[in-house]
Amino acid sequence: MAAAVIMVLFPGDSALSVVARTAVTSLGALVVLIVVRSREKRATGGSSGDVVSLDTRLREGDVPEAPEEREAMRALVEQRLHRTRHRRAALAFLGVMSGGIVVLTALTSGPRASAGLAVFSLAFLAWIFGYGRVQIRRLHRMREALAPREAPAPRAVE
């Protein structure tokens, strides 16, 4: 699908070169995902299946009851919150980079390619901003739900 979008935006490139670049980029993204998942496995002390289960529970807002699951979920939430600590700067950089690419495309290519890239960039930035906010809210809600409960203060007997 990515190769088809690239061929529509940049019709001068050969199909073979577009598919090759798309495959290499996809392979790079897969490596990043594998590294992230292995770090999450290490943080939770479980297997890939445990991380997938915790991720599903996190998306559904299901707070674990078992102490070892609560600790694993707490570790996963803290690891993901730590990973998002530079989110604003990354979004700003992504916006500037996307704008620069659209401007450079407008200067070097035709209006069709630059308009398509501008629409795609705006849609992508809006999606990544909105979806990121949803994820951050989920993580904060789960962190609050997993926080140790304070015992009620004893009442003074008069």
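Rings of Phe, Tyr and Trp (its six-membered ring) pair if their centres lie within 6.5 Å. Keep that rule handy for the warm-up. One more thing before we start: the model you're looking at is predicted.

**Exercise 1: a chain of rings**

Find out which residues are linked into a cluster by ring pairs, and work out how the rings are arranged.

*Solution.*

Step 1. Start with the count: the structure holds 3 aromatic pairs.

Step 2. Take F120 and F124. Their centres are 6.2 Å apart, with 15° between the planes, and the pair is stacked. These two residues sit 4 apart in helix α6, which means about one helical turn separates them.

Step 3. Move on to W127 and Y131. Here the ring centres are 5.6 Å apart and the planes are at 10°, so this pair is stacked too. Since W127 and Y131 are 4 residues apart in helix α6, about one helical turn lies between them.

Step 4. Put it together: F120, F124, W127 and Y131 are linked into a cluster by ring pairs.

**Exercise 2: buried or exposed?**

Sort the four ring residues by how accessible they are, using these cut-offs: under 20% is buried, over 50% is exposed, and in between is partly exposed.

*Solution.*

Step 1. F120 has 48% relative accessibility, so it counts as partly exposed.

Step 2. F124, with a relative accessible area of 32%, is partly exposed.

Step 3. W127 comes in at 51%, so it is exposed.

Step 4. Y131 has 41% relative accessibility and therefore counts as partly exposed.

**Exercise 3: two helices side by side**

Describe how helix α5 (residues 87–108) packs with α6.

*Solution.*

Step 1. As a reminder, two packed helices are described by the angle between their axes and the distance between the axes.

Step 2. For α5 and α6, the angle is about 170° and the axes are 9 Å apart. That angle makes α5 roughly antiparallel to α6, because angles over 145 degrees count that way.

Step 3. Look at who meets whom. The α5 side includes L91, L94, I101 and V102, while the α6 side includes L117, L125, I128 and I136. F124, from the ring cluster, is also one of the α6 residues in this contact.

Step 4. Sort the contact by class: 13 nonpolar, 6 polar and 2 charged residues.

**Exercise 4: a crossing**

Now do the packing of helix α3 (residues 48–60) and helix α6 (residues 111–146).

*Solution.*

Step 1. The angle between α3 and α6 is about 95°, and their axes are 9 Å apart.

Step 2. That makes α3 roughly perpendicular to α6, because angles of 65 to 115 degrees fall in that class.

Step 3. On the α3 side, the contact is made by R57, L58 and R59; on the α6 side, by R138, L139 and M142.

Step 4. By class, this contact has 3 nonpolar, no polar and 3 charged residues.

Step 5. Zoom in on M142. Not counting residues up to four places away in sequence, M142 touches R57, L58, G61, D62, V63, P64, M73 and V77.

**Exercise 5: the core**

Which residues make up the largest nonpolar core, and which elements give two or more residues to it?

*Solution.*

Step 1. The largest nonpolar core has 10 residues in all: L54, L58, A72, M73, L76, V77, L81, L139, M142 and L146.

Step 2. The elements giving two or more residues to this core are α3, α4 (67–83) and α6. The largest share, 5 residues, comes from α4.

Step 3. Pick L76, which lies in helix α4. At 0% relative accessibility, L76 counts as buried. Leaving out residues up to four places away in sequence, L76 touches E40, T44, L54 and D55.

Step 4. Check a pair that is separated along the chain: L76 and R143 are 67 residues apart in sequence, with 9.9 Å from C-alpha to C-alpha.

**Exercise 6: another residue in α4**

Is Q79 buried or exposed, and what is it in contact with?

*Solution.*

Step 1. Q79 is found in helix α4.

Step 2. Its relative accessibility is 18%, so Q79 counts as buried.

Step 3. Setting aside neighbours within four places in sequence, Q79 is in contact with R39, E40 and A43.

Methods: Residues numbered from 1 in each chain as written. Predicted model: local features only at pLDDT ≥ 70, side-chain atom pairs only at ≥ 80, totals over all residues. Heavy atoms only, no water. Axes fitted to C-alpha atoms, helices over the stretch in contact; angles between N-to-C directions. Parallel < 35°, antiparallel > 145°, perpendicular 65-115°, else oblique. Contact = heavy atoms within 4.5 Å. Nonpolar A, V, L, I, M, F, W, Y, C, P; charged D, E, K, R; others polar. Core = buried A, V, L, I, M, F, W, Y, C linked by side-chain atoms within 4.5 Å. Buried < 20%, exposed > 50% of the residue type's maximum accessible area, 1.4 Å probe, protein only. Phe/Tyr/Trp six-rings, centres within 6.5 Å; stacked < 30°, edge-to-face > 60°.
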